[in-house]
Amino acid sequence: MNDEIKPLTETAEWKALKTHYAKIKDLHLRDLFAQDPKRAEKFTAEAAGVYFDYSKHRVTATTVNLLCDLAEASGLREKIEDMFTGERINLTEDRAVLHTALRAPKNATVVVDGENVVPRVHEVLEKMEQFAEKVRSGEWKGHTGKPIKNIVNIGIGGSDLGPVMAYEALKDYSQRSLTFRFVSNIDGTDFAEAVHDLHPEETLFIVASKTFTTLETMTNAGTARDWALKALKDEAAVAKHFVAVSTNAAKVSGFGIDTANMFGFWDWVGGRYSMFSAIGLSTMIAIGPKHFREMLAGAHEMDEHYRNAPFEENLPALMGLLGLWYNDFFGAQTVAVLPYEQYLRRFPAYLQQLTMESNGKRVTLDGHPVDYQTGPIYWGEPGTNGQHSFYQLIHQGTKLIPCDFIAFCRPRRRLGRHHDLLMANVFAQAEALAFGKTAEELGKEGVKDWLVPHKTFEGNRPSTTMLLEELNPKSLGRLVALYEHSVFTQGMIWRIGPFDQWGVELGKVLAGRIAPELESPAEPQLKHDSSTNALIRRYRAGR
């Protein structure tokens, strides 16, 4: 039996890492830095406008070499090429995975089933651009002849999290004369709050659903249609106040939307990887076609770096490998994403879907249960808010939580000392996590003996600091692609499928069974477990 077909944990590369972990697991970052004055230089990489300092990780040069050996032995280089060239690497759905083609330049060639898909991508982009300019300029009029002032994106999952994250991140680039809202939750409050101060004759809805059958999206779209027609009183108004991001022309037309205003994408674009496709229509309307193209260019830069750079210099590969190191060897269960930029406040939420829906899997691609941990839990908040919330646990708690600090040299808003103070906190938090404060240091400061244990910081808490010049469309594209490819790196080494999400299905199927039981005027015959039956009866009685 050779290593290619051995279980992952029985490969020579995994065993080498396990042996190495036993040797270095108790090394402290204080000692690693003391032993090597040039450590910061050796454990820093830079590409596509991202300065990636991973020197405050519990690794040595040997660790990095062994992790890269694991990547090579896992066939990561070949799998990267398979993804970029349109091989059907989404095995359970028999699909190619080509979000990278969404940001490929016009002269590129990416062949799927004998067809170069790049011209089709750019056709959709150009159609989006024409429509976006009409809305932004006021040329697109509503049913009563008034220009559109409000855009409401209706979607869920990747059809919501990508657009809302990008809008919030690039709000400083948005056309402020337009109001943007996002509706995803089937909870009626979400829709009601989104439209409570809007006027139907000035509002455009973008309904984003590939199949135009997604329960949450189409329920909200139907409510939006009723809301608009209550005021506009003419079915023909739907065509002026609704557009679709979908591939189901029949359903779109049946809803009342002119299929000329339907923006398509393809089955090789996964939902959580779709913000650069027509799903990003609201983003393009907000920031304009030029800035949207810059975002695509930034993502493409990171794509090319990931595809070509050796793993020891490859930012997404290093990020993915470091995450695997803590997840599988140190037993860390979460990763904190800490952007020190208020405009990135929705970035951790976006990453939650990208990472956990992708790598939250318990069987390998060939259907065998894994005997190692896969996807960690991602969470976070922008700094410095988190410092007054959960950093206490990261610094002095019992859990090891690797941290990603994201920061920018130049602020979008320069107000007095604000940015220097913000950046001081980035660097201070990473320093404090790594080096802590010893009982001896506290004693020299005159801290009373009984208080010393409470003020001692163990340190040795790992973190990456990513430094970019400024938050702009290009840098946002780079960051998104960086995390996308980090997820791919881990998935390929763990031998799982990052591009399906069967775990989403069961709850949806059961909800479809339960909804009629809740709505039935007569007492339904319930055939669930005793807890679910009791909850349904309690709800019906309390309603």
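Ala278 sits in the loop that connects strand E9 (262-263) with helix H12 (281-287). In this predicted model, Ala278 counts as buried because its relative accessibility is 2%, under the 20% limit. Its C-alpha atom lies 22 Å from that of Asp113, a residue 165 positions away in the sequence.

Ala278 also belongs to the lining of the second largest cavity, together with Leu102, Val121, Val124, Leu125, Met128, Gly264, Trp266, Phe276 and Ser277. The space inside the second largest cavity is about 40 Å³. Its lining comprises eight nonpolar and two polar residues, with no charged residue.

**The sheet and its crossover**

Strand E9, which precedes the loop of Ala278, is part of an open sheet of five strands in the order E6-E5-E7-E8-E9, paired in parallel. E6 and E9 form the edges of this sheet, each pairing on one side only. In general, the strands of a sheet pair through backbone hydrogen bonds, in either a parallel or an antiparallel manner.

At the E6 end of the order, strand E5 (residues 150-154) and strand E6 (residues 179-183) run parallel and are joined by five bridges. Within this pair, Ile151 is opposite Phe180 of E6, and Ile154 is opposite Val183 of E6. The connection between the two strands involves helix H7 (residues 158-169): E5, H7 and E6 together make a right-handed β-α-β unit.

**The largest pocket**

Helix H7 also contributes to an open feature of the model. The largest pocket has a volume of about 940 Å³. Its lining consists of 39 residues, and those closest to the centre are Thr214, Gly271, Gln501, Glu505 and Lys508. Two or more lining residues come from each of H7, helix H9 (215-232), helix H15 (347-359) and helix H21 (505-519). H7 provides the largest share, four residues. By class, the lining of the largest pocket has 13 nonpolar, 15 polar and 11 charged residues.

Helix H15, one of the contributors to this pocket, is mostly covered, with 10 of its 13 residues buried. The buried residues of H15 are Phe347, Pro348, Ala349, Tyr350, Leu351, Gln353, Leu354, Thr355, Ser358 and Asn359. The length of H15 agrees with expectation, because 13 residues at 1.5 Å a residue should span 18 Å and the end C-alpha atoms are 18 Å apart. As a general matter, an α-helix has 3.6 residues a turn, so residues three or four places apart point the same way.

**The largest cavity**

The model contains four cavities of 30 Å³ or more. The largest of these holds about 150 Å³ of space. Sixteen residues line the largest cavity, and Met319, Gly323, Val335, Pro402 and Asp404 lie nearest its centre. Helix H14 (315-330), strand E10 (334-339) and strand E12 (403-410) each supply at least two residues of this lining. The greatest contribution, five residues, is made by H14. The lining of the largest cavity has 10 nonpolar, five polar and one charged residues.

The volumes and lining classes of the three spaces are set out below.

| Space | Volume | Nonpolar | Polar | Charged |
|---|---|---|---|---|
| Largest pocket | about 940 Å³ | 13 residues | 15 residues | 11 residues |
| Largest cavity | about 150 Å³ | 10 residues | five residues | one residue |
| Second largest cavity | about 40 Å³ | eight residues | two residues | no residues |

**Backbone features in loops**

Lys233 has a phi near 60°, a positive value in a residue other than glycine. Lys233 occupies the loop between H9 and helix H10 (238-241). With a relative accessibility of 69%, over the 50% limit, Lys233 is therefore classed as exposed.

Asn460, likewise not a glycine, has a positive phi of about 60°. Asn460 is located in the loop between helix H19 (452-455) and strand E13 (463-470). Asn460 is classed as buried because its relative accessible area is 7%, under the 20% limit.

A further backbone feature concerns a peptide bond. The bond from Gly383 to Thr384 is cis, with omega near 10°. Thr384 lies in the loop between strand E11 (377-379) and helix H16 (391-396).

Methods:
Residues are numbered from 1 along each chain as its sequence is written. This is a predicted model: local features need pLDDT of at least 70, side-chain atom pairs count only at pLDDT 80 or more; totals for chains, interfaces and linings use all residues. Side-chain values use heavy atoms; hydrogens and water are left out. Two strands pair if DSSP finds at least two bridges between them. A crossover is right-handed if, with the strands pointing away from the viewer, the path from the first strand over the helix to the second runs clockwise. On a 1 Å grid over the protein atoms alone, a cavity is a set of points where a 1.4 Å probe fits but cannot get out, and a pocket is an open set with protein on both sides within 12 Å along at least five of seven lines; lining residues have an atom within 4 Å of a point. Grid points are joined across faces, edges and corners, and a volume is the space filled by probe spheres set on the points. Ala, Val, Leu, Ile, Met, Phe, Trp, Tyr, Cys and Pro count as nonpolar, Asp, Glu, Lys and Arg as charged, and the others, Gly among them, as polar. The expected span of a helix is 1.5 Å times one less than its number of residues. Buried means under 20% relative accessible area, exposed over 50%, partly exposed in between (1.4 Å probe, protein chains only).
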